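Me: Please take a close look at the salt bridges in this structure and explain them slowly. I would also like to know what lies around them.

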Amino acid sequence: MTNNKKKSVNLILDCVKEESKSFFEDMLMDVLEVEDNQNSILYDHTVLVFLTGIKKFTILMSIDNELLKTLFDKFFQNNISNNKEKNELMNDMPNEVINMIVGLSIRNFPLEYKELKLSVPVKLSKANMLKILEKNVSQSIKIVSDGGSLICAVACSSNTNPK
Amino acid sequence: MLNIMIVDDSTIIRRMLVIEFEKIGYQVVAQAKSGKEAVAMYAEHIPDLVTMDITMPIMNGIDALKEIKKNFKNAKVIMVTSHGEEKLVMEAISSGAKGYVLKPIKQEKLVEVINKVFPGLRNDQ
């Protein structure tokens with residue numbers, strides 16, 4: 001059972017990894033390194049989505065401050081001068097990144113997972129997000145670009161509730 | 001000049017689209033954060049064009065599209081979506097959407113789709 005889950009997690013993570021790399025390319029950013037996130041660190045800007053269906057997956061994306069700023073500048077250039085609006089948009093950025101990347105990665109999922117339903121992004125406490133990774137079969141990678149770093153993690157369980 | 005309604009639960013996408021439409025010279029007359037809001041706002045503003053996200057809370061974009069088309073058969077809606085998944089886009093098209101644009105949004109693609117919906121209205125970037 002665990003081996004099956006490990007295989008599933010790796011399959012999904014591979015799809016998300018490839019789509020993340022395409023995302024960086026689209027943003028005209030260079031991917032410098034992709035490595036296992038063995039220490040299971042998460043940055044301050046982390047969100048997750050659930051994929052539910054024949055299996056339940058949780059996909060986390062975690063963005064560091066540098067990447068957050070880089071993406072904001074690329075999306076909006078100098079079009080936002082109001083600080084309040086800027087903060088609101090920055091706060092929403094991780095949601096948008098996970099929606100884009102995971103949404104597009106579904107195209108390349110194995111056939112049996114193409115029918116999985118994608119939830120809206122959810123923000124939990126860092127502690128609860130780490131609990132999800134610890135309590136379930138999971139795998140995590142870090143993608144380092146010339147504009148900042150992104151951590152992607154996938155967890156699989158019959159129950160990915162952090163409680 | 002086209003009057004546009006933007007429907008997306010993402011503040012970022014709504015803001016990006018406002019900026020892009022202003023650059024092209026269109027007016028954003030309404031913004032909705034859910035399909036349910038979109039249905040109500042469409043009736044209030046009757047925009048020339050709607051950009052509609054697919055995955056939204058309360059009511060998704062496809063259900064909102066169907067609801068709008070029920071009462072406004074000539075409504076012109078294009079889906080702006082992060083889902084590359086064929087099935088959802090095809091369902092939207094068969095429900096009456098005029099086209100779709102994938103996120104991250106590129107202005108040239110947005111203009112291309114709008115030109116197809118309004119063939120008499122050429123937009124140059």
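**Salt bridges and their surroundings**

Reply: E112(B) and K109(B) both belong to helix 5 of chain B, residues 107–117, and because three residues lie from one to the other, about one helical turn separates them. Please keep in mind throughout that this is a predicted model. The two side chains form a salt bridge, in which the closest N and O atoms are 3.4 Å apart. The general idea is that side chains of opposite charge can pair when their charged atoms come close. Neither partner is hidden away: E112(B) is partly exposed at 37% relative accessibility, and K109(B) is partly exposed with a relative accessible area of 35%. The pair also belongs to a network of salt bridges that links K109(B), E112(B) and K116(B).

Over all chains, the count comes to 13 salt bridges. Another of them is found in helix 3 of chain B, where K70(B) and E67(B) lie three residues apart, again about one turn of the helix. Here the closest N and O atoms are 3.3 Å apart. K70(B) counts as exposed because its relative accessibility is 55%, while E67(B), with a relative accessible area of 26%, is partly exposed.

A salt bridge can also join parts of a chain that are far from each other in sequence, and chain A gives a case of this: K126(A) and D44(A) meet through their side chains, with 3.3 Å from N to O. K126(A) sits in helix 4 of chain A and D44(A) in the loop between strand 1 and strand 2 of chain A, so this pair ties together parts that are 82 residues apart in sequence. At 38% relative accessibility K126(A) is partly exposed, whereas D44(A) is exposed, with a relative accessible area of 59%.

What does helix 4 of chain A, residues 126–135, lie across? This helix lies across strand 2, strand 3, strand 5 and strand 6 of chain A, and runs at about 45° to strand 2 of chain A. Those strands belong to an open sheet of six strands in chain A, which has the order 1-5-6-3-2-4 and antiparallel pairing. Strand 1 (31–36) and strand 4 (117–118) of chain A stand at the edges with a single partner strand each, and therefore one side of each has no neighbour in the sheet. Within the sheet, strand 2 (residues 45–52) and strand 3 (residues 56–63) of chain A form an antiparallel pair with seven bridges, and L48(A) stands opposite L60(A), which is in strand 3 of chain A. Helix 2 of chain A, residues 65–76, packs on the sheet as well, where it touches strand 2, strand 3, strand 5 (137–145) and strand 6 (148–157) of chain A, and its direction makes about 110° with that of strand 6 of chain A.

Salt bridges also occur where the two chains meet. The contact takes 23 residues from chain A and 21 residues from chain B. About 1,900 Å² is buried between chain A and chain B, with 62% of it on carbon and sulfur atoms. Between these two chains there are two salt bridges, and D26(A) forms a salt bridge with K106(B), their closest N and O atoms being 3.8 Å apart. Five residue pairs in polar contact, both at pLDDT 80 or more, are also counted between chain A and chain B. On the side of chain A that touches chain B, helix 2 and helix 3 (83–105) of chain A each supply at least two residues, and the largest share, ten residues, comes from helix 3 of chain A.

A contrast to the charged pairs is S34(B), in the loop between strand 2 (27–32) and helix 2 (35–45) of chain B. S34(B) is buried, at 4% relative accessibility, and a polar atom of its side chain lies 3.2 Å from the backbone nitrogen of E37(B). Leaving aside residues up to four places away in sequence, S34(B) touches V7(B), M56(B), P57(B), I58(B) and M59(B). One of these, I58(B), is located in the loop between strand 3 and helix 3 (61–71) of chain B. I58(B) counts as exposed, at 74% relative accessibility, and its phi is near 70°, a positive value in a residue other than glycine.

Key:
Residues are numbered from 1 along each chain as its sequence is written. Chains are lettered from A and ligands numbered from 1 in the order in which they are written. Side-chain values use heavy atoms; hydrogens and water are left out. Two strands pair if DSSP finds at least two bridges between them. Helices (H or I, at least four residues) and strands (E, at least two) are DSSP runs, numbered from the N terminus. Contact means heavy atoms within 4.5 Å. Axes are lines fitted to C-alpha atoms, for helices over the stretch in contact, and angles run from 0 to 180 degrees between N-to-C directions. Buried means under 20% relative accessible area, exposed over 50%, partly exposed in between (1.4 Å probe, protein chains only). A polar contact is a pair of N or O atoms within 3.5 Å; within protein, one must be able to donate a hydrogen and the other to accept it, and residues adjacent in sequence count only if both atoms are side-chain atoms. Buried area is the accessible area (1.4 Å probe) that two parts lose on being put together, summed over both. A salt bridge is a side-chain nitrogen of Lys or Arg within 4 Å of a carboxyl oxygen of Asp or Glu.
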